[in-house]
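Here are some comments on the ligand sites of this entry. They are set out as numbered points, to be read with the structure open.

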Amino acid sequence: MHATNVHPIDTAATMRHDWRASEVEALFALPFNDLLFRAHCVHREHFDPNAVQLSTLLNIKTGGCPEDCAYCPQSARFDTDVEASAVLDVDAVLQSARAAKAAGATRFCMGAAWRSPKDRDLDKVVPLIEAVRDLGMESCVTLGMLNAAQAQRLKDAGLDYYNHNLDTSPDFYGDIISTRTYQDRLDTLQNVRDADINVCCGGIVGLGESVRDRSELLRTLATMPTHPESVPINLLVRVEGTPLADTAPVHPIDFVRTIAVARILMPASHVRLSAGRTGMTDELQALCFFAGANSIFYGEQLLTTANPEVLADQALFERLGISAAPAHHA
Ligand code: SAM
Ligand code: DTB
Ligand code: SF4
């Protein structure tokens, strides 16, 4: 009864951009083994199943953010332990990027707690992007909303990826953020795409959303004319002082389902097992990799919260026979 709306293996060889809500919901409703088998088959058709891409994060400007994203410890509106800081200088960033490269990361992602950067903020970020590029790493930044000229400026600096998440479904979004709209986010993503920067866009599981919201988030991403090259799936890190600190935890199997559906809908995108790994067992992470996750944040810190130890990730990869994927560009 579960599989009636889903044509067998209909995505195996084709890239679709026309998913209907009922089709995506039917994927979520599949028996777990059927869903995982299907996701894994799609994964194998497009990727080496034993290679995982490694991105390291650095918060280049912490806290003091005017937005009210209910999950975020960096909003100035919530009483968390995070102290606001100025933008890091090139030397500090280079030190982190060199260490990330030495540990095996191929991409260096820099985050700033801004609603949107001012032009004088970009004056500080451009040299950081150039420095990362000169190290031979892929660069990614996440700085909030961008207009077309700002996106072009980042492209000219050599930026490879821009991260800007939709976070959740259009319907549930207003329960989580009031200070900017879903359309604002879509406009930024369009500006990034138009500037020919790779798009990194995903969301968060565990905000109190329904399965239909997860389905609609993924459908929004998968019906874009070009799928985001990189799709981070974050499990909410519940931080004390944020409005979502006491949200009910997500069942791990439901998290794996989200990864699997992302893989089926966006067969050629990198699906990143993102925030929330410190609370996951090795077995759960292994299931996520089987379901199609093929990227992680690598390094002991996310933005303000912890990520697994490098040695623990290396041991997990060794146990699973997974190796680090090479960078896409030289
Ligand atoms: N300020 C910029 C913005 O919001 O676009 C860039 C940084 S913001 C922290 C980047 C993303 O981190 C958010 O869109 C959200 O998806 C994720 N994030 C923030 N706090 C999180 C949390 N507690 N748990 C999981 N993901 C989180
Ligand atoms: C993304 O999707 N997840 C990262 C990155 N993009 C910037 C951020 C996760 C943040 C987790 C909470 C924190 O460490 O502050
Ligand atoms: Fe600010 Fe980004 Fe956090 Fe929202 S997610 S409060 S925009 S730093």
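1. In this predicted model, a polar side-chain atom of Asp 167 is placed 2.7 Å from an oxygen atom of ligand 1. Two further side chains should be checked alongside it. Asn 165 has a side-chain N or O atom 2.9 Å from an oxygen atom of ligand 1, and for Arg 180 the corresponding distance from an N or O atom of the side chain to a ligand 1 oxygen is 3.0 Å.

2. Ligand 1 is largely covered: on its own it has 560 Å² of accessible area, and the protein covers 91% of that. The space it takes is the largest cavity.

3. The surroundings of ligand 1 comprise 16 residues, of which Tyr 71, Asn 165, Asp 167, Arg 180 and Val 237 come nearest. By class, this shell holds 9 nonpolar, 5 polar and 2 charged residues.

4. Which cavity holds ligand 3? Ligand 3 sits in the largest cavity, and the space taken by ligand 1 is likewise described as the largest cavity. The two sites are best read together.

5. Around ligand 3 are Cys 65, Glu 67, Cys 69, Tyr 71, Cys 72, Ser 75, Ala 113, Trp 114 and Arg 180. The shell divides into 6 nonpolar residues, 1 polar residue and 2 charged residues.

6. Tyr 71 and Arg 180 deserve a look from both sides. Both belong to the surroundings of ligand 3, and both are among the residues that come nearest to ligand 1. For Arg 180, the 3.0 Å distance given above is to an oxygen atom of ligand 1.

Note on methods
Residues are numbered from 1 along each chain as its sequence is written. Chains are lettered from A and ligands numbered from 1 in the order in which they are written. This is a predicted model: local features need pLDDT of at least 70, side-chain atom pairs count only at pLDDT 80 or more; totals for chains, interfaces and linings use all residues. Side-chain values use heavy atoms; hydrogens and water are left out. A residue is near a molecule or strand if one of its heavy atoms lies within 4 Å of it. On a 1 Å grid over the protein atoms alone, a cavity is a set of points where a 1.4 Å probe fits but cannot get out, and a pocket is an open set with protein on both sides within 12 Å along at least five of seven lines; lining residues have an atom within 4 Å of a point. A molecule sits in a cavity or pocket if more than half of its atoms lie within 2 Å of its grid points. Ala, Val, Leu, Ile, Met, Phe, Trp, Tyr, Cys and Pro count as nonpolar, Asp, Glu, Lys and Arg as charged, and the others, Gly among them, as polar. A polar contact is a pair of N or O atoms within 3.5 Å; within protein, one must be able to donate a hydrogen and the other to accept it, and residues adjacent in sequence count only if both atoms are side-chain atoms. Accessible areas come from the Shrake-Rupley method with a 1.4 Å probe; for residues, only the protein chains shown count as cover.
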